[in-house]
Amino acid sequence: MALIPPLPLEVPPGIVKADSPNGANGRFTDGNKVRFYRGKPEKWPGWEQFIDDTLQGICRGAVAWSNKYGNTNTAFGTHLKLYVVSGDDALSDITPIRASSTINTGPFAVTNGLTTVTVTDTSHGADQGDFVTFSGATAAGGITISGGYQIVTTIDNNSYTITHTSAATSTTTGGGASVVAAYQINIGSTGGVVGLGWGAGPWGEGTWGTPRTEGIPLDIRFWSVVEYGNDLLASPSGGTIYLWEEATDDRAEALSGAPVYIRAMFVTGERFIFALGSGSDGTTPMKVQWPDQDDPTDWTLASNTANARTLQSGSRLINGTALSDGINLVWSDTSLYVFQYTGSDFVYDSRLVGTSCGLIAPLAFAKISGVAFWMSGDGFNMYASGVQAIPNADDVRAYVFRDMDVSQITKVFCIYDQKQGQIRWHYCSSGQTEPDKYVDVMVGDWAWTTGTLSRTGGAAYRSGDSSMLLVDSSGVIYSHGNGLDADGAAMESYVTFGLYALGRSEVNVDVMGVIPDCQRQVGNLTYELYTKERPNSAANFDSQTVTMAATDEIGDARISGRHFGMTVRSNVLGGDYRLGTVNLELGQTGKRR
C-alpha cells in the first residue's frame, strides 16, 4: 500500500450553506452551537436558569438597564403581561391597569360544587384571557373572590367567567356591595392568527368588499421597552406608552398625552420619544410623532419641539433605534430612513437612505458601536454611513430564507452576544410556531453559523459580565454565557467538514487515522467519519466513529472511499473544545475502475 502524506484539514471560518457538500469542498457545511474565534471553531458557553419564577405568556421584547444605585433591572414584555426583575431577585408584575370599577351589587354568581364564577360588571371591556384583580369582596357560597384571576370566557360586555381555586359550597349570588375590580390592559396575540374576512390586512389591499381567501397574518403582541434614565418606558404594539418609575410605581402607568395607538417606540439620543405608526386607531401606519423634548407629556404641535410627519416609502413603519449622536434610524416594511437631529424648528431632518431593505420583524435588529444590523425580507443588511449587505451573508442567506416559516416571520428577533462577538437572529423553521433555530455572524471576520435553540426573546444583561437573558416559550429565563452545559444537561455542539475529493476522486483512499489538534478539550470528542462513492450517493460508502480523549495523539480508523466528510462532536456533561488543524492519515487502496 502506497503511503500518502497526512492531509491537513485547513478550513476557513464560517459555515457555508450556499453550495453542495462537494461544492463546499474545504469549507464547513453544518454545525450547532459553535462559533469561530480567530478563525477556528469552538463550542459555545452554556446557560443556567436565571431565577425560579417564570413569565406568563410568550416573551416578545426585553431590555436591561442600570439604576442610579448601579443595580441592573430587566424588563420583559409578553403577549399577556409586563414584568421587571430587579437585580437577580424575584419577578414583579408591573402590567398596567386599563380600568378599575367599584361594583355596588353582589357581582359573583357561584354554583354548589363548581369552581366557575360568573362575574357581572357593566361595560367591563375585558377579553377572554385578560387579567383582573378583585379586592373588598365578602364570601359568597363559601368562597371569597380576592386577588388576581384570568378571565376564562367573556359572555358579553357585562359579564364573564373566572375560575376560583376551590369549589363553592352552595349556589348563590353575592360578594358584597363594594367590590373593586382592577383590569389589566387587554392581552395580545401570540401570532399564527390568520384573518380571512372583510377588512383583514392593510387598507387598500385587494378589492373592495371581497373577503380574503388566502389569509393574512394578524399582528402579534410585541413590546417596545427602553430605559428612560432610571426608569422604563414600555409600549405594547397597538397600545399607548407606559412609564414605570422604580422608586414610586408598583405598576407601569400610562404616559399622559401620548397617542393611544402606537406600533413601536424608541428614545433617541437627544431624549425624544419617537412613536411610530402613531394615531388613534392604526390608520396612520407611516406616521412618526414625538413630544416636546422638555415635557414628554406634551405631544401638541405648537411653539415647542413636539413634531410629527408622515413617511412615504413603505406601507407601515416597523421599528426604529437611536444609532449614534444625532443619528436615528426608522424602518418601514420596505425601506430605511435616517432622522438626523438639527435643532431647527423641524427638530429632525428625515431622509430616505435605502429601499428594498425594510425590517422583516419589529425585533429583528441590533446595534453595535454606531452600526445597525438587521434582517430584511430577503437578506441581512448593515448601516453605518450607508446601507450595505453584511459580508459573506450569501454563505447562508438562501438556506435561512428557505428554512424559515414565512407565516411566522414577525417573530424573528435579533440579539448581540457581546461575550461571543456574534449577532444572532432567532427564527421559526418550517412548521414551527415559535423560534427554534438561529443564524449568526461573527463581528469582524464575518463568519456565519447556524443551529438550533428554542428562545422567543431576550436582552443583553450586564455589561460587566456580558451575559444575556433569553426566554423560552414556557417562560423560563436563562442566563446565557455561563458554564459549559445547558442548564445542568450536556450541551451538544458539533461542526461538519464538507466533502473532500480524496486522491482527486480518481482512486479509493483509506483514512487510517485522525490526528487531533485542539487548543483546548474537556471531555471526549467523537470524530464521525464517512465516505461516499460519488457526491450525490444517497448512502455512505463507508463510515466509522472514533472517540478521543484530550490526551489521545491519534485515533485509529479504517474507512475507504473517494469522497470524505467528517463531523466533530462534543456531547458530554462539562464538555468543551476549540479545534486547531485536524490531520488525516491516508493510504491508497485502489484505482478507479
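Colleague: Is Trp446 buried or exposed?
Modeller: This is a predicted model, and the statements that follow rest on it. Trp446 is placed in the loop between β39 (437–442) and β40 (448–452). Residues under 20% relative accessible area count as buried. With a relative accessible area of 18%, Trp446 is therefore buried.

Colleague: What is the phi of Trp446?
Modeller: Trp446 is not a glycine, yet its phi is positive. The value is about 55°.

Colleague: Where is Val347, and is this residue buried or exposed?
Modeller: Val347 has a phi near 70°, a positive value in a residue other than glycine. The residue belongs to the loop between β31 (335–341) and β32 (348–355). Its relative accessibility is 2%, so Val347 counts as buried.

Colleague: How many aromatic pairs does a search of the whole structure find?
Modeller: Rings of Phe, Tyr and Trp pair if their centres lie within 6.5 Å. On that basis, the search of the whole structure gives 25 aromatic pairs.

Colleague: Why is the pair of Phe108 and Phe134 edge-to-face?
Modeller: Planes over 60 degrees apart count as edge-to-face. The ring centres of Phe108 and Phe134 are 5.2 Å apart and the planes stand at 90°, so this pair is edge-to-face.

Colleague: Which strands hold Phe108 and Phe134?
Modeller: The two residues are 26 residues apart, and their pair links distant parts of the chain. Phe108 and Phe134 are both buried. Phe108 is in strand β11 (residues 108–110), and Phe134 is in strand β13 (residues 131–135).

Colleague: What kind of aromatic pair do Phe266 and Phe274 form?
Modeller: Phe266 and Phe274 are both buried. Their rings are 5.2 Å apart, centre to centre, with 50° between the planes. Planes under 30 degrees apart count as stacked and those over 60 as edge-to-face, with the rest counted as tilted. The pair of Phe266 and Phe274 is tilted.

Colleague: Which residues do ring pairs link into a cluster with Phe266 and Phe274?
Modeller: Ring pairs join these two residues with several other aromatic residues. The other members of the cluster are Phe272, Trp290, Phe339, Tyr341 and Tyr348.

Colleague: How far away is the nearest side chain of opposite charge to Asp231?
Modeller: Asp231 is found in strand β22 (residues 231–236). Leaving aside neighbours within four places in sequence, its contacts include Trp65, Val226 and Trp244. Asp231 is buried yet has no salt bridge, a term that requires a nitrogen within 4 Å of a carboxyl oxygen. The nearest side chain of opposite charge is Arg271, at 7.3 Å.

Colleague: Over which ring does the charged end of Arg271 sit?
Modeller: The charged end of Arg271 is 4.4 Å from the centre of the ring in question. That ring belongs to Tyr228.

Colleague: With which residue does Arg316 form a salt bridge?
Modeller: Arg316 counts as partly exposed, at 28% relative accessibility. Its partner is partly exposed too, with a relative accessible area of 36%. The closest N and O atoms of the salt bridge are 3.0 Å apart, and the partner of Arg316 is Asp219.

Colleague: Are Lys411 and Glu434 buried or exposed?
Modeller: The side chains of Lys411 and Glu434 meet in a salt bridge, at 3.6 Å from N to O. The pair links distant parts of the chain, 23 residues apart. Both Lys411 and Glu434 are buried.

Colleague: Which residue forms a salt bridge with Asp440?
Modeller: The closest N and O atoms of this bridge are 3.2 Å apart. Asp440 lies in strand β39 and its partner in strand β38, so the pair ties together parts that are 16 residues apart in sequence. Both residues are buried. The partner also lies over the face of Tyr438, at 5.6 Å from the ring centre. The residue is Arg424.

Colleague: Which residues have the most contacts inside the largest nonpolar core?
Modeller: This core has 38 residues. Its largest share, 5 residues, comes from strand β34 (residues 371–375). The residues with the most contacts inside the core are Phe380 and Trp425.

Colleague: How many residues are in the other core, which includes Leu9 and Phe564?
Modeller: This core lies apart from the largest one, and Val495 and Val511 are also among its members. The core has 31 residues.

Note on methods. Residues are numbered from 1 along each chain as its sequence is written. This is a predicted model: local features need pLDDT of at least 70, side-chain atom pairs count only at pLDDT 80 or more; totals for chains, interfaces and linings use all residues. Side-chain values use heavy atoms; hydrogens and water are left out. Rings of Phe, Tyr and Trp (its six-membered ring) pair if their centres lie within 6.5 Å; planes under 30 degrees apart count as stacked, over 60 as edge-to-face and the rest as tilted. Helices (H or I, at least four residues) and strands (E, at least two) are DSSP runs, numbered from the N terminus. Buried means under 20% relative accessible area, exposed over 50%, partly exposed in between (1.4 Å probe, protein chains only). A charge sits over a ring if NZ of Lys or CZ of Arg is within 6 Å of the ring centre and within 35 degrees of the ring normal. Lys and Arg count as positive and Asp and Glu as negative; His and the chain ends are not counted. Contact means heavy atoms within 4.5 Å. A nonpolar core is a set of buried Ala, Val, Leu, Ile, Met, Phe, Trp, Tyr and Cys residues joined through side-chain atoms within 4.5 Å.
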